[in-house]
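User: I am new to this structure and would like a close look at one topic. Please go through the links between side chains and say where each partner sits.

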Amino acid sequence: MKASDLFVKCLEAEGVEYIFGIPGEENIDFLESLRTSSIKLILTRHEQSAAFMAATLGRLTGKAGVALSTLGPGATNLVTGIAYAQLGGMPLVAITGQKPIKKSKQGQFQIIDVVETMRPITKFAEQIRSGEKIPSLIRNAFKTAEDERPGSVHLELPEDIAIEEVQAPPLERIKARRPGPDPKAIDQAVEMIQNAKHPLILVAAGANRKLVHIRLGEFIEKTQIPFITTQMGKGVIDERSEAYIGTAALSQNDYVHCAVDKADLVIVIGHDVYEKPPSLLGHSAKQVIHVNFYPAKIDDVYFPTLEVVGDIAHTAWALTEQIIPSPSWDFSYFKKVQTALHNNIHRKDEDNTFPINPARFVSNLRKALPEDSILSLDNGMYKLWVARNYPAYKPNTVLLDNALATMGAGLPAGIAAKLVYPDRKVIALAGDGGFMMNSQELETAVRLGIDIVVIILNDNGFGMIKWKQAGQELPNFGLEFNNPDFVKYAESYGAKGYRLEKTEDFISLLQQCINAKGVHVIDVPVDYKDNVEVMTKELQGLSCEF
């Protein structure tokens with residue numbers, strides 16, 4: 001068969017359902033092979049969005065998503081999305097086209113070394129130089145992308161390789177079982193936990209995997225050891241749990257950091273070096289147990305005293321089997337932190353001022369949404385408010401990026417989430433700056449006929465950087481802009497547009513939209529004055545004496 005046909009059959013053998021991307025003339029043979037395949041091509045309006053969508057599919061399913069582009073500018077447009085997947089631990093296979101490599105027809109027109117460009121931001125990148133190598137390269141690409149730690153891989157398919165005649169069959173997808181932890185490490189961890197006086201659990205990005213939430217939940221249920229989460233660890237354990245203290249939305253100077261400082265032992269589940277850490281965990285007065293699929297990467301803020309390496313779910317199960325709750329554990333201070341943080345978060349829930357303040361917005365968002373709904377966040381100031389104030393009830397119901405922390409991903413990620421979970425409510429939340437970076441994907445959502453709600457928090461500026469600027473007592477400069485009429489903008493794509501006029505109307509308007517068919521865009525004016533008042537002035541003066 002033709003090599004491009006074999007390529008598509010190998011993708012089918014991997015269970016690929018969707019390919020996201022924008023093809024070019026260098027992909028034409030591949031496109032023709034895809035035309036009669038069971039795989040659905042999702043044509044996006046920007047290659048960056050395609051990579052965001054594919055990465056999100058990988059994040060939600062554990063199976064690598066696939067993004068497609070042509071050579072040159074198409075490939076470079078993928079770069080941000082590929083880095084997003086790589087730093088965020090999301091399995092992604094990126095496929096790019098290329099001119100013929102055996103005989104040039106057009107000199108160096110549009111040619112850059114795409115493979116070398118991708119190499120620093122992927123787990124591996126390789127050009128396919130023989131059609132016979134396609135089965136092994138694709139099997140290795142998916143295996144590598146999905147192995148812990150998940151991330152991005154890249155394959156380049158040149159035009160002249162795509163049309164080669166080949167006889168190699170696809171390779172079977174084999175499910176690998178991860179090894180369990182060393183029993184001696186489990187024994188040591190159990191001893192450390194039982195001998196601690198103030199143990200604390202930190203749930204991080206690597207814990208957001210299938211089965212982990214079940215086994216870790218059993219451990220917390222048995223021990224009642226309090227836990228906090230990182231931003232990307234939200235929802236692994238139901239945050240309605242009595243053991244949940246809060247989320248480390250900020251790097252320091254928040255209530256959860258008081259809890260970390262008080263703990264004499266921190267059990268870190270799924271620490272990911274690419275996610276901004278919640279505080280200094282490795283100082284000499286504290287013991288830190290590293291529980292992860294792979295050994296710790298030591299740096300200035302993370303140097304654990306014990307490493308339990310192996311499948312996290314297996315480790316949590318083994319700890320639960322052996323642990324005996326200790327009468328010497330004292331969680332009284334953690335309970336005080338929990339109460340103080342709860343009161344701090346909810347004190348402005350009923351504030352009716354307009355434009356809406358972020359605390360009221362997040363509180364109403366949680367009240368309006370079903371517990372299994374998926375909130376897909378772009379990157380901006382509201383991400384910190386959501387991470388801190390919005391309790392997640394199930395794994396992967398708050399999709400945010402605290403690794404690359406790129407703008408522009410919220411809407412594409414929401415579209416992918418709706419394709420994976422068509423029966424669940426999906427809300428894409430973006431600031432006006434991030435939304436406009438990939439707002440053209442509204443057309444993609446309308447064309448796909450999906451039901452999704454897009455909320456735009458509108459403050460006519462880059463709010464997070466304005467907060468940082470104000471925090472350093474610098475004058476406001478270089479961060480403000482004007483927006484289009486978002487209602488008319490949504491309608492121009494065939495979506496429904498709304499503008500919030502009163503704070504009290506937000507819940508009813510959102511519920512109206514999430515229960516209706518089609519794409520709905522809500523323009524929500526927001527007042528971020530509390531960024532400085534709450535997250536800078538108040539928290540910097542926090543004493544940790546409760």
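Analyst: What follows takes the disulfide bonding first, then the salt bridges, and ends with a helix for context.

The model is predicted. A search through the whole structure turns up one disulfide. Its partners are Cys258 and Cys544, whose sulfur atoms are 1.9 Å apart. The cut-off for such a pair is 2.5 Å, so sulfur atoms within that distance count as a disulfide. The rotation about the S-S bond is -75°, and the link of Cys258 and Cys544 is left-handed. Cys258 belongs to helix α10 (residues 255-262), while Cys544 is in the segment after α21 (530-540), so the bond ties together parts that are 286 residues apart in sequence.

The two ends of this bond can be described by their accessibility. Cys258 has 2% relative accessibility and therefore counts as buried, because the cut-off for buried is under 20%. Cys544, with a relative accessible area of 24%, is partly exposed. Two further cysteines can be placed on that scale. Cys10 counts as buried because its relative accessibility is 3%. Cys513 is buried as well, with a relative accessible area of 1%.

Next come the salt bridges, of which the structure holds 30. Three pairs and one network are described here.

The pair of Arg215 and Glu218 has its side chains joined in a salt bridge, with an N to O distance of 3.1 Å. Both residues lie in helix α9 (residues 212-223), three residues apart, which is about one turn of the helix. Arg215 is partly exposed at a relative accessible area of 32%, and Glu218 also counts as partly exposed, at 34% relative accessibility.

Another pair is made by Lys394 and Glu371, where the closest N and O atoms of the salt bridge are 3.8 Å apart. Lys394 is in the loop between α14 (381-389) and β14 (398-399), and Glu371 is in the loop between α13 (358-368) and β13 (374-377), so this salt bridge ties together parts that are 23 residues apart in sequence. Lys394 counts as partly exposed because its relative accessibility is 32%. For Glu371 the value is 36%, so Glu371 counts as partly exposed too.

Asp485 and Arg499 also meet through their side chains, in a salt bridge with an N to O distance of 2.8 Å. This pair links distant parts of the chain: Asp485 sits in the loop between α18 (463-471) and α19 (486-492), and Arg499 in strand β17 (residues 496-499), 14 residues apart. Asp485 has 32% relative accessibility and counts as partly exposed. Arg499 is partly exposed, with a relative accessible area of 33%.

Salt bridges can also join into a group. Glu14, Arg139, Glu146 and Arg173 are linked in a network of salt bridges.

Last, the helix. Helix α15 (residues 410-420) is mostly covered, with ten of its eleven residues buried. Among the buried residues of α15 are Leu411, Pro412, Ile415 and Leu419. Lys418 is on that list of buried residues as well.

Key
Residues are numbered from 1 along each chain as its sequence is written. This is a predicted model: local features need pLDDT of at least 70, side-chain atom pairs count only at pLDDT 80 or more; totals for chains, interfaces and linings use all residues. Side-chain values use heavy atoms; hydrogens and water are left out. Buried means under 20% relative accessible area, exposed over 50%, partly exposed in between (1.4 Å probe, protein chains only). Helices (H or I, at least four residues) and strands (E, at least two) are DSSP runs, numbered from the N terminus. A salt bridge is a side-chain nitrogen of Lys or Arg within 4 Å of a carboxyl oxygen of Asp or Glu.
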